[in-house]
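Biologist: I should like a close look at a single part of this model, followed by an account of how the rest of the chain is organised.

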Amino acid sequence: MIGAVELGLIYGVMALGVYLTFRVLQFPDLTVDGSFTTGAAVAAAMITAGQSPVVATLAAAGAGLVAGIVTGLLHTKGRIDGLLAGILTMIALWSVNLRIMGGANVPLLREETLMTPLRDAGLLGRTWFGALIFFVAVIILKLIVDWFLTTDLGLAIQATGNNKQMIGSLGANTDGTTILTLALSNGLVGLCGALVAQYQGFADISMGIGLILVGLASVILGQAVLGQRFIFLASLAVVVGAVIYRIIIFVALQVGLDPNDMKLITAALVVVALLLPRWGVLKRIPSWRDMRGGRVRVSEAKGA
């Protein structure tokens with residue numbers, strides 16, 4: 001369970017990236033399936049070549065950022081549909097990732113990584129202290145994202161997602177905000193890929209397959225529980241959703257489900273999380289936001 005929470009918090013970095021495109025920009029970006037592996041590949045290749053894990057991790061985030069820029073340029077300058085632009089970049093990254101790694105996988109078990117001090121101290125997967133470190137790091141990153149979205153540029157990005165035509169008529173550079181958001185999103189995804197590779201001890205060419213489903217499950221599950229009324233709450237929800245997702249997968253494996261069915265389970269989770277609000281199920285369930293002094297407000301309880 002501790003390992004599932006730790007991995008969920010790491011995947012929370014990726015979920016923040018998916019949140020920027022899927023919720024803020026309203027852009028269906030499939031680049032993440034490729035940029036996640038690119039981040040892992042760059043970090044693994046640089047670490048095995050003797051580079052500092054910190055430098056390798058930052059380079060991995062930069063590689064993801066470049067992947068996002070490519071998708072943004074294809075969409076804004078090439079006038080290619082956003083969904084297709086992401087697919088094209090994702091497919092191209094498969095070959096790029098193989099070139100970076102020089103094969104299908106790169107082992108990191110005997111290399112010095114960002115996780116080595118925690119692993120040597122016996123903190124990973126054994127005590128909650130390791131999970132606490134990851135939690136603090138992800139929350140700091142989440143607060144930076146929150147701050148950025150309240151700046152003028154961040155507000156322009158939100159406006160682009162809400163009404164691209166209107167904000168464009170006011171003189172905003174919607175192409176620029178779109179490219180920037182895709183770059184930042186995939187930069188976070190690449191960073192997550194680097195961290196996951198160092199946590200698991202390897203980078204593999206197939207580790208990003210279906211990752212967009214994991215990201216969507218994290219965003220949708222988290223916001224179904226906590227909501228998305230405010231930026232602070234919405235971004236916190238996607239991190240919580242990533243942890244919930246990993247716990248659900250952990251429980252599914254513990255009860256004996258076939259690991260080959262995990263993608264099916266993920267897809268089912270996304271479908272259920274999307275359909276429950278439409279059926280009004282979540283509206284009939286009192287949430288923590290409805291609590292006042294430990295009690296549900298009478299008027300809302302009656303309405304439920």
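Over which residues does pLDDT stay under 50, and how many contacts beyond four places in sequence does the model have for them?

Modeller: This is a predicted model, in which local features need pLDDT of at least 70, side-chain atom pairs count only at pLDDT 80 or more, and totals for chains, interfaces and linings use all residues. Residues are numbered from 1 along each chain as its sequence is written, and side-chain values use heavy atoms, with hydrogens and water left out.

The part in question is residues 284–304, where pLDDT (the predictor's confidence in each residue, from 0 to 100) stays under 50. For these residues the model has 18 contacts (heavy atoms within 4.5 Å) beyond four places in sequence. Helix α13 (residues 298–303) has the lowest mean pLDDT among the elements, 40, whereas helix α3 (residues 53–76) has the highest, 95. Helices here are DSSP runs of H or I with at least four residues, numbered from the N terminus. The chain as a whole averages 84, and 90% of the residues score at least 70.

Turning to the interior, the largest nonpolar core (buried Ala, Val, Leu, Ile, Met, Phe, Trp, Tyr and Cys residues joined through side-chain atoms within 4.5 Å; buried means under 20% relative accessible area with a 1.4 Å probe, protein chains only) has 68 residues. Those touching the most other members include Leu 9, Phe 134 and Cys 192. Helix α1 gives the most to this core, 13 residues. Beyond its neighbours within four places in sequence, Cys 192 contacts Ile 10, Tyr 11, Val 13, Met 14 and Phe 36.

Conventions: Helix = DSSP H or I, 4+ residues; strand = E, 2+ residues; numbered from the N terminus. Buried < 20%, exposed > 50% of the residue type's maximum accessible area, 1.4 Å probe, protein only.
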